Amino acid sequence: DRGRVKAAIAGPESGGNDRARNLAGSSARGRYQFVRGTFNKLYSRVYGVSEKSANRVFDSERVFDVEVQERLMDRLLADNASALQRAGFEPSTGNLYLAHFAGDGTAIKMLRADPATPVSQFFSRKAIEQNKTYLGTPDNPKSVSEAIAVIYGKVGGTAAGVRVRP
């Protein structure tokens, strides 16, 4: 159920606040905390405008428009579900949140990685600093399995990386 998944993701991202701004140094904004690059790509695809035009929208108050946020999240969920399925992973709420948080490519790499691999193999020092709850600290990063457990826990999930194909 897409509505349930969206509500589950909005909770830890913004508490459901359509006008949320990230205060940890990220460009993330809105209910689903779209970072500038993700917003621009999605907006460009959904609304048929250039990424330069999408960037102007991001800088305007329209980035907080509920209809825009919902349309972009619907597209992102569909894209992430497709990427997860192509890689052989179930598009569960936990996996969809992992893909939302990390990007689909990084999420898939994490799901395939040895569980003991430090997340510093996938995220920059700055990203780890900005996401301590999920990733630990730059000097003491969480393992992939620890990070996935925290991410899944935020949306009510428990099982990491359920494969649907060998």
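Where does Thr-117 lie? I looked this up first and found Thr-117 in the loop between α6 and α7. The model I am reading is a predicted one.

**Entry 1: the loop between α6 and α7**

I checked whether Thr-117 is buried or exposed. Thr-117 has a relative accessible area of 19%, and the cut-off for buried is under 20%, so Thr-117 counts as buried. I then followed the side chain of Thr-117, which reaches the backbone oxygen of Asp-114 at 2.9 Å. Setting aside residues up to four places away in sequence, I noted that Thr-117 touches Phe-122, Lys-142, Ser-143 and Val-144.

Pro-115 is found in the loop between α6 and α7 as well. I read 47% relative accessibility for Pro-115, which puts this residue in the partly exposed class. Not counting residues up to four places away in sequence, Pro-115 touches Ser-143, Val-144 and Ser-145. I also took a distance from Pro-115 to Ala-10: their C-alpha atoms are separated by 27 Å, and the two residues are 105 residues apart along the chain.

**Entry 2: helix α5 and its surroundings**

I moved on to α5, which covers residues 93-102. How many of the residues of α5 are buried? I counted 10 of the 10, so α5 is largely enclosed by the rest of the structure. The buried residues include Gly-94, Leu-98, Ala-99 and Ala-102. I listed what the buried residues of α5 pack against: α1, α4 (66-86), α6 (104-112), α8 (132-135) and α9 (144-154). After α5 comes Gly-103, and I noted that its phi is positive, near 90°.

I looked at α6 in turn. Thr-106, Ala-107, Ile-108, Met-110 and Leu-111 are buried there. The buried residues of α6 pack against α4, α5 and α9.

**Entry 3: α1 against α5**

To describe two packed helices, one gives the angle between their axes and the distance between the axes. I applied this to α1 (residues 2-14) and α5, whose axes come within 10 Å and cross at roughly 50°. That angle makes α1 oblique to α5. The crossing of α1 past α5 is right-handed.

Which residues of α1 meet α5? I wrote down Arg-4, Val-5, Ala-8, Ile-9, Pro-12 and Glu-13 on the α1 side, which meet Thr-93, Leu-96, Tyr-97 and His-100 in α5. Sorted by class, the contact of α1 with α5 has six nonpolar, two polar and two charged residues.

**Entry 4: α5 against α9**

I did the same for α5 and α9. Their axes are 9 Å apart, and the helices pack at an angle of about 110°. The two helices are therefore roughly perpendicular to each other. I recorded a right-handed crossing where α5 passes α9. From α5 the contact is made by Gly-94, Asn-95, Tyr-97, Leu-98 and Phe-101, and from α9 by Ile-148, Ile-151, Tyr-152 and Lys-154. By class, I have six nonpolar, two polar and one charged residues for the contact of α5 with α9.

**Entry 5: His-100**

I returned to His-100, whose place is in helix α5. Its relative accessible area is 13%, and His-100 is buried. What does the side chain of His-100 reach at 2.8 Å? I found the backbone oxygen of Tyr-32 at that distance. Leaving aside neighbours within four places in sequence, I listed Ile-9, Glu-13, Tyr-32, Phe-34, Met-73, Leu-76 and Asn-80 as contacts of His-100.

**Entry 6: the loop between α1 and α2**

I then went to Gln-33, which lies in the loop between α1 and α2 (36-47). Gln-33 is not a glycine, yet I read a positive phi of about 55° for it. Gln-33 is buried, with a relative accessible area of 9%.

Gly-30 lies in the loop between α1 and α2 too. I read 0% relative accessibility for Gly-30, which counts as buried. Outside the residues up to four places away in sequence, Gly-30 touches Ser-14, Asn-17, Asp-18, Ala-20, Phe-64 and Gln-69. I closed with the pair Gly-30 and Val-66: they are 36 residues apart in sequence and 8.5 Å apart in space, C-alpha to C-alpha.

Technical notes:
Residues numbered from 1 in each chain as written. Predicted model: local features only at pLDDT ≥ 70, side-chain atom pairs only at ≥ 80, totals over all residues. Heavy atoms only, no water. Axes fitted to C-alpha atoms, helices over the stretch in contact; angles between N-to-C directions. Helix = DSSP H or I, 4+ residues; strand = E, 2+ residues; numbered from the N terminus. Parallel < 35°, antiparallel > 145°, perpendicular 65-115°, else oblique. Left-handed = near helix turned anticlockwise from the far one by under 90°. Contact = heavy atoms within 4.5 Å. Nonpolar A, V, L, I, M, F, W, Y, C, P; charged D, E, K, R; others polar. Buried < 20%, exposed > 50% of the residue type's maximum accessible area, 1.4 Å probe, protein only. Polar contact = N/O pair within 3.5 Å; in protein donor to acceptor, adjacent residues only side chain to side chain.
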